Amino acid sequence: MVKNSKLSIVFWVSLAIAGVFILWGVFLPDNVEAVLGFIDGFLASNFGWVYIIGTTLFVLLALFLVFGPYGRIRLGKPDEKPEYSYFTWFAFLFTAGMGVGLVFFGISEPLTHFHNPPSVDPASMAAVEESTRYTLFHWGFHPWATYAIVALTLAYFKFRHQAPALISSAFTPLIGQRAQGGLGHSIDILAVFATIFGIATSLGLGASQITAGLSYTFDGINNTTTTTMIVILVVTVIFIVSATTGVDKGIRYLSWMNIVVAIALMLLVFILGSSIQMMESFTTTLGSYIQNIPSMTLGMNAFEGDREFLNDWTLFYWAWWIGWSPFVGTFIARVSRGRTIREFVIGVTAVPVLFSAVWFSIFGVAAIEMDNALGGGLYDIISDQGNEVALFAFLEQYPWSPVIMGVAILLVSSFFITSADAATFVLGMLTTGGRLNPQVKVKVIWGVILSATAAALLLSGGLQALEMAMLIAAFPFTFVVLLMAVSLLKALSGEYDILRLESKHKEYEPTFLEESKEELKEKREEFEQGMPEEMVDDTEEELNEADEEAKEENEETDEDESEDKK
């Protein structure tokens, strides 16, 4: 039994490498952009198929876990209840999984695909359908299946087998005790860097969008890199303060606010726009997405030669989701204790996909309608000034636009703060041996590192540098997630055999029990040897000590009563 109360070697190594990267970005920004651009282009051109196959396998595995025999296994003790209500749980999923992205790309992506569709004529009715379908494809089952596999693996080993909440713990069934040595530390360090670059990308997008919103709302504020740096600094202070309050206060309350404000903004656009067409777009897009998902999933443009759309959108997104998976997966695992595997996978995939379909149907239709009314003017603004201005250029056309844009700025800021808050929490867990409640000073350090990385990448090449760094960091982690899936299936298969044999014990007569008792014992011993070493966090250790003391008191009471009877 391992208790982790000190900073792990993963913390110090990750901190040192992150510091070197930040200094590189600050003092040699042009060199950073050149190196990242070369590596990014090489990976996209030669190994894009790795992302395609990887995400496809994650979707197939998620379907198997929903409909397969392991769905009734609970992430915790057999009679354990979920730690959070459905509303709070879904608020956590929405905020951590893609809240910033939905707001950032809600207008710009459908509109960009409308003017630059992958296979039909631009600005046509066919382009409208293809635009909404591909947007949902990029935000649908593939990202959430990726999150679900990572989160489920971590939650299974942590809450069912009391393993440390570390990516490396999930590898014990495959590599044994080496998961606790140098190989395991290397896996955790890789997870830390995938998290840093994935979150830095989102923080950069969020800071750029806040700056764009402020410049649109207030005449005296310019949309410049300097303003973006000031925004990063101010928001960093806020989310670090929030990070000191833990999951049950800061992140929970912010998540509630995020989902309420996001739904309110979506309903406003729905009411003021073509509501009937938006609902028809929702059903049409969802049906078209389900019908075409196999061809969109495996399409690599191998024979057409035009890979611009694939590289700029699909591969970028697949890398982004994989890069985000250690962060989102660890956070979702942390808040999913007590749910069954089937309930977990359905909740993490189906519900967010439906919400994304509604979101993009409403904002996508409204954006395309407004762009047509302005003679392509909305798309021209996005092309000239960047995706970060899309939402505010859109909202500027509405009544009471300053108020609505103020609400939108609040929403983006809140998502920014919550994502960064949750990220510092996850990085704290990954670098303190898997503690469920890492120390405040560790979270503060990682908060500063995240913001500094986002700032360094923005200085090196703007949003493009952020995207390139994230794609590069995600490539090796793709193989980590694939191996996590193999490890999970191996563990589930072994435990399922044990559970099935135990259930037979309850059904058959005593002769069968005697014959199978030795078999059950051997299966249990073999299974336990392949599980990570148990870890008890501070709070868990206190509860266990209290249980032991109560047990000792009961035993003493029973002894006294037996002596009295004698």
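**Exercise 1. Find which residues line the largest cavity of this predicted model, and work out which helix gives the most to that lining.**

*Solution.* Let's start with the list.

Step 1. The lining of the largest cavity consists of Leu154, Ala155, Lys158, Phe159, Ala165, Thr330, Ala333, Arg334, Met429 and Leu436. This model is predicted, not experimental.

Step 2. Now match residues to helices. Helix 6 and helix 12 (308-334) each supply at least two of the lining residues. With four residues, helix 6 gives the most to the lining of the largest cavity.

Step 3. Next, sort the lining by class: seven residues are nonpolar, one is polar and two are charged.

Step 4. Finish with the space itself. The volume of the largest cavity is about 60 Å³. With a cut-off of 30 Å³ or more, the count comes to one cavity.

**Exercise 2. Describe the second largest pocket: its space, its lining and the helices that supply the lining.**

*Solution.* The same kind of steps will help here.

Step 1. The second largest pocket holds about 380 Å³ of space. It is lined by 15 residues, and Arg160, His161, Glu495, Phe527 and Glu528 are the closest to its centre.

Step 2. Three helices each supply at least two residues of this lining: helix 6 (141-161), helix 17 (440-507) and helix 18 (510-529). Helix 17 gives the most, with four residues.

Step 3. Sorted by class, the lining of the second largest pocket has eight charged, five nonpolar and two polar residues.

Step 4. Look back at both exercises. Helix 6 supplies at least two residues to the lining of the largest cavity, and helix 6 also supplies at least two to the lining of the second largest pocket.

Note on methods. Residues are numbered from 1 along each chain as its sequence is written. This is a predicted model: local features need pLDDT of at least 70, side-chain atom pairs count only at pLDDT 80 or more; totals for chains, interfaces and linings use all residues. Side-chain values use heavy atoms; hydrogens and water are left out. On a 1 Å grid over the protein atoms alone, a cavity is a set of points where a 1.4 Å probe fits but cannot get out, and a pocket is an open set with protein on both sides within 12 Å along at least five of seven lines; lining residues have an atom within 4 Å of a point. Grid points are joined across faces, edges and corners, and a volume is the space filled by probe spheres set on the points. Ala, Val, Leu, Ile, Met, Phe, Trp, Tyr, Cys and Pro count as nonpolar, Asp, Glu, Lys and Arg as charged, and the others, Gly among them, as polar.
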